[in-house]
Amino acid sequence: MEGLNPAQRSAVCQTSGPLLILAGAGSGKTKTVAHRIAYLLQHESLWPNEILAVTFTNKAARELRERVWRLTEERGGEVPRSYMPWMGTFHGICVRMLRQDGKAISIQPNYVIYDEDDRQGLIKQAMKELHIDKQQIKPRTISSVISNAKNELKTPEDMEAAANYPNMRSIAKVYARYEKLRRGAGALDFDDLLIETVCLLRDHPEIRVKWQQQFKHVFIDEYQDTNAAQYAIVKYLVNKEQNICVVGDDWQSIYSWRGADFTNILNFERDYPNTTVIKLEQNYRSTNAILAAAQMVISKNKVRTDKKLWTDLGEGAPVEVHATYDESEEASLVAGRIATQVAMKARRYSDFAILYRMNAQSAALERALRVQRIPYQLVGGVRFYDRKEIKDIIAYLRIIYQPNDRLSFSRIVNVPTRGIGATSLERFLTWQGGTGMNVIDALYHVHEADGLTSKAKTALGALGTHFRELQTMLQDGATPADIIERLLKVTAYRDYLRDGTPQAEEREENIGSLISDVKVFADLPEFLEEAALISSADNAAGGDKVTLMTLHAAKGLEFPVVFMVGLEEGIFPHSRVYDAGPSELEEERRLCYVGMTRARQELHLTYARSRLQFGQRGYNEVSRFIADMGNQVAAIDQPTFGIDHQESEFVSDELPFDIGDRVRTTAFGNGEIIDIDGLAVTIRLDRGGTKKLNAEYARLEKL
DNA sequence: TCATTTAACGTTTTT
DNA sequence: CGTTAAATGA
């Protein structure tokens, strides 16, 4: 109980019945939760596997597990993977339950998990089969419509029935076909993990009761961001004792576009009578200046609970607003402030975070940081497991594990190239579909197929032999690392990577890190699960570096100094919320609140008068959120309307190049400009050939 | 029929 | 600029 305030203590001691903890930003939520779990283990003699704890990210789960581990036994060292096995994200928990009990709703135990890319791949396949032009409806749009439907537990038939315009009917058809293909591949997508778990618990009382008996205490973090399926899962898992504890803050609900519904937290007391409500309102993170400005912003929202955060950390420096001329000046201003403070030894690089609304904004910032030689790390963006070479390896592993996964098979059937093109693949798959054999068995019997060239048959047969061998390794209990090493060898994948391009080396290194990552896992299923569910917010590397990420990814984190950039109408709030209605605008405002409350001592807000967006230059007004803060902020810099400004070249339509100029390109070496058409610059390269580049993107350098 | 070359496209947030 | 789809040539 040491180091806890009275409200936090009562949250720890309240060990029976429903408990709602309304935890404001920076109110010591994680600490309270860790102490509460430790208390249950020690004073209520619960076993670590009798507690179900759901967090928002894998990283949050890891931190919590570590904290509980240290608290209970004052142990040091690595926390074993088996400790508190039921601590993780909703998706992670569902995977484990389905693996164990999925048979009851006819889910094969060796199902694979499809991510967003896989899902869109399968949607494209479905559209092709249905002869729907993907120019007309974007696969991405269909994907999100299907996702929304699934989260509302709607079937393709429901969608078809409710369709009131032609596109919707097409989408419903794609949805139906997609589901058929997905089932055939023995795969579940992210939404299925939740929805199938709901069905499992709803339709099988004996299984429901089994889990209810196992979980003596259920604990849900970030409850304001739960969606309908997650809400249902929680309801089914809580037993008669109703030992459920949820933590959340409606002011920080920022995932409604993903189906999250913060009325879940507002209605908790109604759902679980006799709830004890504890409010944590003392903020231990930010200065009063930061907190007051954030409070000004959030108070403009109509739909919200009423609370008042307070701090005794003192007034602190005022929140600063910096106006800049364009995104490049904005970036160098941020980089410059960081460089100065580090040079004065006032701060370390890792004290700083730069937060933005969308990933595309990171490019200008990265450039400025590189110019000033400031080390930085990007959270989000391209995930490690999204890289081509890693996805290839995972596709190989999947097909070995789940030989019905035709999507993964299609991905790697000709990688490395082995003379099997689109037509051969299509013919093979058509034949294989008719035989009822899985992909690997069909490869083994490929000589019986008709319509394939003998060349294709030989290549496919050889691939089948490799798959068989790897499959045998898997059955004999080989480690994932051994299997990967072997498959790299038989496919000569490393040779394939060495294509002479500058990125080849990096790709090989990535394969290396994959192999060392994989050593932690005892078996393949465990690794495939982890690889599918790892999120971009999870890879927080160490080291003394500035952190760059989206506002969404910053949830739950804190930094001594925070820069929020791009506070402009159309960027933040994003232009897409304008015609979406007031509730979307309120969500943007909550996102602003979340960003501001990440800051401990200093908060800087910047905006640019002019910005390159969607390929062209736009001029934005200052964000309304700055006006919301009233006189809680200090305006510091005015933009420099620079004659000597380096970016002024793009403001005039005139490019700073002429035909005949010699230039340096980053990717293709030096060359001479032979034509200019608007922004399109044609260059005759010294290495031979010509190249047409967009001067707005290619950073051409005049020689 | 396959592999290479060339043209087109892109940007909200993510488990 | 990077990626992906279409177009071209062997």
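Let's start with a hollow: the second largest pocket in this structure has a volume of about 1300 Å³. Keep in mind that the model is predicted. Quite a few parts of the chain come together around that space, and the elements that give two or more residues to the lining are strand 4 (112–114), helix 5 (116–129), helix 8 (166–184), helix 17 (388–401), helix 18 (406–412), helix 19 (422–435) and helix 25 (524–533). In total the pocket is lined by 46 residues. If you want to find its centre on screen, look for Leu122, Gln125, Arg406, Leu407 and Ser410, which lie nearest to it.

Which helix gives the most to this lining? That's helix 5, with eight residues. As for chemistry, the lining is a mix: 19 of its residues are nonpolar, eleven are polar and 16 are charged.

Helix 17, one of the contributors to that lining, is a good place to step inside the protein. Ile393 lies in this helix, and with a relative accessible area of 0% it counts as buried, because the cut-off is 20%. What is Ile393 in contact with, once its neighbours within four places in sequence are left aside? The partners are Ile484, Leu487, Leu488, Tyr493, Ile511 and Leu514. For another bearing, take Pro109: Ile393 is 284 residues from it in sequence, and the two C-alpha atoms are 21 Å apart in space.

Now over to the sheet. It is an open one of six strands, in the order 3-2-6-7-1-8, with parallel pairing. Strand 3 (87–88) and strand 8 (276–280) stand at the edges; each has a single partner strand, so one side of each is left without a neighbour in the sheet. In general, strands of a sheet pair through backbone hydrogen bonds, either parallel or antiparallel. To see the pairing here at one edge, look at strand 2 (residues 51–54), which pairs with strand 3 in the parallel sense over two bridges. Val54 has Gly88, in strand 3, as its bridge partner.

Finally, helix 2 makes a nice check on geometry. Its 15 residues (29–43) should span 21 Å at 1.5 Å a residue, and the end C-alpha atoms are indeed 21 Å apart, so expectation and model agree. Much of this helix is tucked away: Lys29, Thr32, Val33, Ala34, His35, Arg36, Ile37, Ala38, Leu40 and Leu41 are buried. Just after the helix, Ser45 takes a positive phi of about 55°.

Key:
Residues are numbered from 1 along each chain as its sequence is written. Chains are lettered from A and ligands numbered from 1 in the order in which they are written. This is a predicted model: local features need pLDDT of at least 70, side-chain atom pairs count only at pLDDT 80 or more; totals for chains, interfaces and linings use all residues. Side-chain values use heavy atoms; hydrogens and water are left out. Helices (H or I, at least four residues) and strands (E, at least two) are DSSP runs, numbered from the N terminus. The expected span of a helix is 1.5 Å times one less than its number of residues. Buried means under 20% relative accessible area, exposed over 50%, partly exposed in between (1.4 Å probe, protein chains only). On a 1 Å grid over the protein atoms alone, a cavity is a set of points where a 1.4 Å probe fits but cannot get out, and a pocket is an open set with protein on both sides within 12 Å along at least five of seven lines; lining residues have an atom within 4 Å of a point. Grid points are joined across faces, edges and corners, and a volume is the space filled by probe spheres set on the points. Ala, Val, Leu, Ile, Met, Phe, Trp, Tyr, Cys and Pro count as nonpolar, Asp, Glu, Lys and Arg as charged, and the others, Gly among them, as polar. Contact means heavy atoms within 4.5 Å. Two strands pair if DSSP finds at least two bridges between them.
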